[in-house]
Each structure stands twice: as C-alpha cells, then as structure tokens.
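Got your viewer open? Load the model, colour it however you like, and follow along one selection at a time.

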Amino acid sequence: MQPARSPAQLTLEFSSSHSYLSRPSMDSGYASSSMSSIRLPAEWMLSRMYENWKIADAAAQRLGVDMRALAECETQLREARKKRDAEKKSPGTKRKLSLMPLLRKRSSPTLAPPSDDVPPSPTSPLPSPGSTVEELEARLAALRHRVEATQSAADRLDACFDELRGVLDDGRPISWRSSHSSHSSTGSPYADTYRRVRKTVGAREDSYLSSKATTKALRRACLAVQSAHHHYSKAMDLLDVVCSPKKSKWEAIVGDEQSRQETYREAAKWAEKAQICFNECLRALQPHQDLLKRDEAEACEDLKETGLLQAVQLYNLMYGGKALAMGITQQVQIMTQKQDAVFQRLTAFAVWVQDCTKHCEAVELESRASRDAARRQLVALWVRADEDAGTFSLAAPSENAHVFHPTQYTH
C-alpha cells in the first residue's frame, strides 16, 4: 500500500511519454497547449492531462457526425456533377433547367444533430439542393480537412485516458488504494462506487478489444475472399475464350493451338491465385467459426472440398500428358459446369463475409461508445471526489472550478 501524497509533494517530469500533449493547434479546435521540457507542478500537469482527455473525448464523439457530413457531401457532389454533365449533353434544355434553382425553396437535407457535449460548428452550413459543383467541391475540401484534424485528436483518446488514469489511480485526488485496504467505517465515501465503476470500465474495455480483434480478422477475410472472387472471375473469363460453347466455328478455326495453350496456362495461374487468397480467408475466419451459420458453414466446407483449381484441372486435362482421348469434350463441359457452380457458391460466400464484416464494424463502434461512456462516468467520479476533497487538482490552472459539470456524464 502506497501512502497518499499531498499536491505539494508531487511534481511530474514532462518527458517524451507526454509528447502528444505538445502537438500544434488545429483548425478544428481540437488542440492541446504546447509546453516546454521543464519540471511543472503536479496540479498543473494533472489539469493539462484532464483537459487533453476532454479534448480527445469531444473529438471522438464529434468524429461520427463529421464523417456522416463528409459522406453526404460526397453524394451531393456526385449527383451535381452528373446533373451538370447531363445539361452539357442536352443543349436544348439549358434554358429550361436554368430557371429551376430560382423556383426552389431554400432547404437543407436533414442530418443527425450532434451530441449535447459537442456543439455544432457555425462555420460549416449545410449545402442547399441547388448548390453548384464549385460550392460543393469547396465544402468537401473543408470537411476533409476538418475530419483529418478531428481524427488526429480522437486518435489520442486512449493515450490521454491512460495518462490520466495512471496518475489518478496512484492516489489523486484521494487515495483509492488506502480506501480499498481500510476496514474502518470511516473509509472513502467513493470506494464502493469507484470499485463498481472501475469494474464496468474494465469489462467494457475487454468487450471492445474483443470486438476490435474480430473486426480486424473479418476485414482481412473480406479482403482475401474479394481477391479470390476477382482472380476466379479472371480465370473463368479466359476459359470462356477457348472452351465456351457459344464460341463460333470461325473463332475455333482461326485460333491456333499455341495461343489456346497459353490461354489455358494463364487461366490456371489465376485459379492458383484465387486458391491462395481463399486459403487466407479461411485462416482469418478460423478463430471465429461461431459467426458462421449453418448455410455459410456448409458453403465454406463445400468450397474447401472442391477447391478453386478447376482451371488448373482443365489445363492438365488438355495438356497434361497423353494425346487427347475419346470423350475429352464431354469432360471439359463437365469441368466448366462444375466451375460455374463453384463460382456461384464463392459469390454467395463472399457476400456473406462482406455483410458479416459490416456487422462486426457496427458492433465495434457500439462497444467503443459504451466503453467511452463508462470512462466518462469514472472521470466524473474523480472530479466529484476532487471537488469534495477541496484540492481542485483537475480544475483549470489558477481556478477553483471545473470546466464541465460532472453530472452531465452520469447515467
């Protein structure tokens, strides 16, 4: 058990571990103050840790709103460009279309309002339906810059919270450790609440990390199965050139045997690439087999059993050794039919992996939001304890009041 330390006894060295606190300011407003490499009072350093955590937390909450605004602007810009191109191709309708913006009422698309903790930016009005391409391009550039700055601040959230927790859990603003070990009835009034909230934060942190790992694996599986599907399609397209039943007699006569063999060989190479990518997809999904329902599990097993090397088998059938035997045409037709069936199963499986990846991404976002909410409740508890203790270690420098009221983060 470590003894509680008074504020006057604490000084913190501002070293490389706190380098993220001295980053330059950003246009988005999410910035931290720069500090020189000197020894600073503990109260000042703790206050700066607290302020930087609030900045990063506000940025993380605002990021989703900014991303939705960016996606909406990109959609509007695409539509505006299509409309402009259509007007250029139809000169007879220019005069009629030019009157439409004058008849429209000024309105803005409805977007989800930002949270109460993060007020909307007055410098980013929503575009009207009649906005020109140039206006939308300018707004898109501004939104991209804002999202980049907000993302940079939000990326520091975990580091800022760990810094703050590392100091507060070590005895500031009151000695939680001594409260835990005390058996007297005069222990800290926050001890029981603290243990409960701290346990909640730990559980939600574990849940978030688990969902994050699952999402990472599914993204890898999704990329692998998409590549497998692409490579398999390439192999099928090449085989259609040489053995498609729709091929005309003239094409069959003109095509020489050497080019046909080269086409078969190239198709086999694409099939081998497809098999490698599919194997990588299976490896990524191996720890998460519980996500596969019965239909997807059966499709996965069928694809594992049949494989994606039908083009290789066709090449070996045509050029693998002995001269062409009787019935070779029938065997080629059977193999191409099998290839079509495999392609259908592969397509359905790839679609499921994509949908499952989107679901996992949504679960990860929900888990992160739940964890961050629990963290805010823990910080609010620290703030109340700090105020009750009369130390005001978390207040702004030279002030005896907190910037925000802790009750806004409680549930």
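How many residues does helix α4 have, and how far does it reach from its first C-alpha to its last? Select residues 133-154 and check: α4 has 22 residues and reaches 31 Å, close to the 32 Å expected at 1.5 Å a residue. Keep in mind that you're looking at a predicted model.

Stay on α4 and show side chains. Buried residues here include V133, L136, R139, L140, L143, R146 and V147. Further along the helix, A149, T150, A153 and A154 are buried too. As a reminder, an α-helix has 3.6 residues a turn, so residues three or four places apart point the same way.

Now zoom out to the whole chain. You should find twelve helices and two strands, with both strands coming before the helices along the sequence. Of the 411 residues, 40% are buried. Among contacts with a separation of 6 or more, 80% link residues 24 or more positions apart. Turn on the surface and you have about 23,900 Å² of accessible area, 54% of it belonging to carbon and sulfur atoms.

Next, select F278, L308 and F349. Within the largest nonpolar core, which has 27 residues, these three touch the most other members. Helices α7 (191-243), α9 (257-285), α10 (294-306) and α12 (328-389) each give two or more residues to this core. Centre on F278: leaving aside neighbours within four places in sequence, F278 is in contact with A228, L303, K304, L308, L346 and F349. There's also a second, separate core of 21 residues, and M49, A56, L157 and V379 are good ones to click, being among its members.

Time for the cysteines. Which cysteine sulfur is closest to that of C356? Pick C360: the two sulfurs are 4.2 Å apart, too far for a bond. The disulfide count for the model is zero. While you're there, note that C356 is buried, because its relative accessible area is 10%. Hop over to C160, which also counts as buried because its relative accessibility is 1%.

Last stop: colour by pLDDT. The chain's mean is 74, and 64% of the residues reach 70 or more. Select 93-125, where the pLDDT is below 50; this stretch still has 35 contacts in the model beyond near neighbours in sequence. Then try 396-411, also below 50, with 34 such contacts.

Conventions
Residues numbered from 1 in each chain as written. Heavy atoms only, no water. Helix = DSSP H or I, 4+ residues; strand = E, 2+ residues; numbered from the N terminus. Expected span 1.5 Å × (residues − 1). Buried < 20%, exposed > 50% of the residue type's maximum accessible area, 1.4 Å probe, protein only. Contact = heavy atoms within 4.5 Å. Areas by Shrake-Rupley, 256 points an atom, 1.4 Å probe, with all protein chains shown as cover. Disulfide = S-S within 2.5 Å. Core = buried A, V, L, I, M, F, W, Y, C linked by side-chain atoms within 4.5 Å. pLDDT = per-residue confidence, 0-100.
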